[in-house]
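Me: Got a minute to walk through this one with me? I'd like to go over the helix packing, then the sheets, then the aromatics.
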Amino acid sequence: MRAARLIKMVLLLQSRPTMTAAELARELEVSERTVTRDAQALSEAGVPVYAERGRAGGYRLIGGYRTRLTGLARGEAEALFLSGVPGALREMGLEDAASAARLKVSAALLPSLRDASRTAAQRFHLDAPNWFREPRTPESLPAVADAVWDDRRITARYRRGRDEVTRELEPYGLVLKAGVWYLCARATGTTRATGNADGSLENSGSGASYRGYRVYRIDRFAAVAAGEERFARDDGFDLPAFWADRAEEFARSLLRSEVVVRLSARGLRALPHAVDAPAARAALEHAPAPDPDGWVTVTLPVESEEVAHGQLRGLGPEVEVLAPGTLRERFARDARRLAELYGTP
């Protein structure tokens, strides 16, 4: 523990001209007294740490000293590629590895380039969670992440509705989508396919190249146990391509019904903002020419009549529902209520 802290202190001093005791204490998460003791220990070990007193004082390395401890460990190198997603690193338990990797890279740079990480961080930031949602880290995420990094098989109890099922999984990759963590994995042994009634992305898929792979929401794992046995990763597995395929398939699977609507020119432009993107694309791809009044009649795939009612209400008078009759009657009732509210007394 102390050895790692001493190395980090040397790397910090190598990457910056001077650091105060307070700055070092904050970076190392220790007291200023501990910083003083660590500096003395480094000096006794032959590292030329020099302390300057006064308002502009602090600790610095003298004589152009440079450590050779800037080689990246594998875990640090892997974490470095994720360093643009600090929240995700923290949730997976990789924050320390990424911090060490950034320090080593900074220490290896020319003095004129050592502020690159700070200037970049002040200009670009990725905020992954969705608006108006308090992000919660699933308890099993660090264990799942470790298994993903090490290619180790896991046994997981997965909540599906009111039931729990046990899965033997080969964890291939993690995806963070709008603040929700998903595991892309290959089920081993006999695993029966499940529906999407609970809103998960779990499915067997139709693509031959990804047959047997499934997607699980991490927050629905009741328990995860990682074994010592490693699996042979399929080099042909492409995580971004797999996720895109599954996400599109999941979105299409929800569109089980259809409604027929007339849209004004303004309603036509607003449709992609009111309904799900796959539904809007499917409707607009086959849209006919406008009628003499400038309105267009389209068939719109929807999840259900209830969902369509909520989505299409946002278009107001720019949409007319033609079918089914039950949905048209819903909008007729809405229109009567609005007339009562806003009509002339």
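Me: Which residues of H12 meet H13, and which ones do they meet there?
Reply: From H12 you have Glu305, Glu306, Ala308, His309 and Leu312, and in H13 they meet Thr326, Leu327, Arg330, Phe331 and Asp334. Keep in mind that this is a predicted model.

Me: Ok. At what angle do H12 and H13 pack, and how far apart are their axes?
Reply: The angle is about 40° and the axes are 10 Å apart, with H12 spanning residues 305–312 and H13 residues 325–342. That makes H12 oblique to H13.

Me: And is the crossing left-handed or right-handed?
Reply: Right-handed, as H12 passes H13.

Me: Switching to H11. Which of its residues are buried?
Reply: Pro278, Ala279, Ala280 and Ala283, in a helix that covers residues 277–285.

Me: What do those pack against?
Reply: The buried residues of H11 pack against two helices, H9 (239–253) and H10 (265–274), plus strand E9 (296–302).

Me: Since E9 came up, how many bridges join E8 to E9?
Reply: 7, and the two strands run antiparallel; E8 is residues 257–263. One bridge pairs Glu258 with Pro301 in E9. E8 also pairs with E10 (residues 319–323), again in the antiparallel sense, over 4 bridges. There, Val260 has Ala323 in E10 as its bridge partner.

Me: Now the sheet with 5 strands. What order do they come in?
Reply: E6-E5-E4-E3-E7, in an open sheet with antiparallel pairing.

Me: Which strands stand at the edges?
Reply: E6 and E7 (221–230). Each has a single partner strand, so one side of each has no neighbour in the sheet. On average, neighbouring strands here are turned by 45° against each other, ignoring direction.

Me: How many bridges join E4 and E5?
Reply: 8, linking E4 (residues 163–177) to E5 (residues 180–187), which run antiparallel. Among them is the bridge from Glu170 to Arg186 in E5.

Me: Which strands does H8 touch?
Reply: H8 (residues 141–150) packs on the sheet and touches E3, E4, E5 and E7, with its direction at about 70° to that of E4. H9 lies across E4, E5 and E6, and it runs at about 75° to E6.

Me: Where is Ala178 found?
Reply: In the loop between E4 and E5. Ala178 has a relative accessible area of 29%, so it counts as partly exposed. From Ala178 to Trp131 is 8.7 Å, C-alpha to C-alpha, although the two are 47 residues apart in sequence.

Me: Aromatics, then. How many aromatic pairs are found in the whole structure?
Reply: 10. Take Tyr158 and Tyr216: their ring centres are 5.1 Å apart and the planes sit at 80°, so this pair is edge-to-face.

Me: Why does that pair tie together parts that are apart in sequence?
Reply: Because Tyr158 lies in E3 (residues 152–160) and Tyr216 in E6 (residues 213–217), which puts the two parts 58 residues apart in sequence.

Me: Buried or exposed, for Tyr158 and Tyr216?
Reply: Tyr158 is at 0% relative accessibility, so it counts as buried. Tyr216 is at 1%, so it counts as buried too.

Me: Last one: which residues form the aromatic cluster?
Reply: Tyr172, Tyr213, Phe231, Phe237 and Phe242 form one cluster.

Definitions and conventions: Residues are numbered from 1 along each chain as its sequence is written. This is a predicted model: local features need pLDDT of at least 70, side-chain atom pairs count only at pLDDT 80 or more; totals for chains, interfaces and linings use all residues. Side-chain values use heavy atoms; hydrogens and water are left out. Rings of Phe, Tyr and Trp (its six-membered ring) pair if their centres lie within 6.5 Å; planes under 30 degrees apart count as stacked, over 60 as edge-to-face and the rest as tilted. Buried means under 20% relative accessible area, exposed over 50%, partly exposed in between (1.4 Å probe, protein chains only). Contact means heavy atoms within 4.5 Å. Two strands pair if DSSP finds at least two bridges between them. Axes are lines fitted to C-alpha atoms, for helices over the stretch in contact, and angles run from 0 to 180 degrees between N-to-C directions. Angles under 35 degrees count as roughly parallel, over 145 as roughly antiparallel, 65 to 115 as roughly perpendicular and the rest as oblique. A crossing is left-handed if the near helix is turned anticlockwise from the far one by less than a right angle, and right-handed if clockwise.
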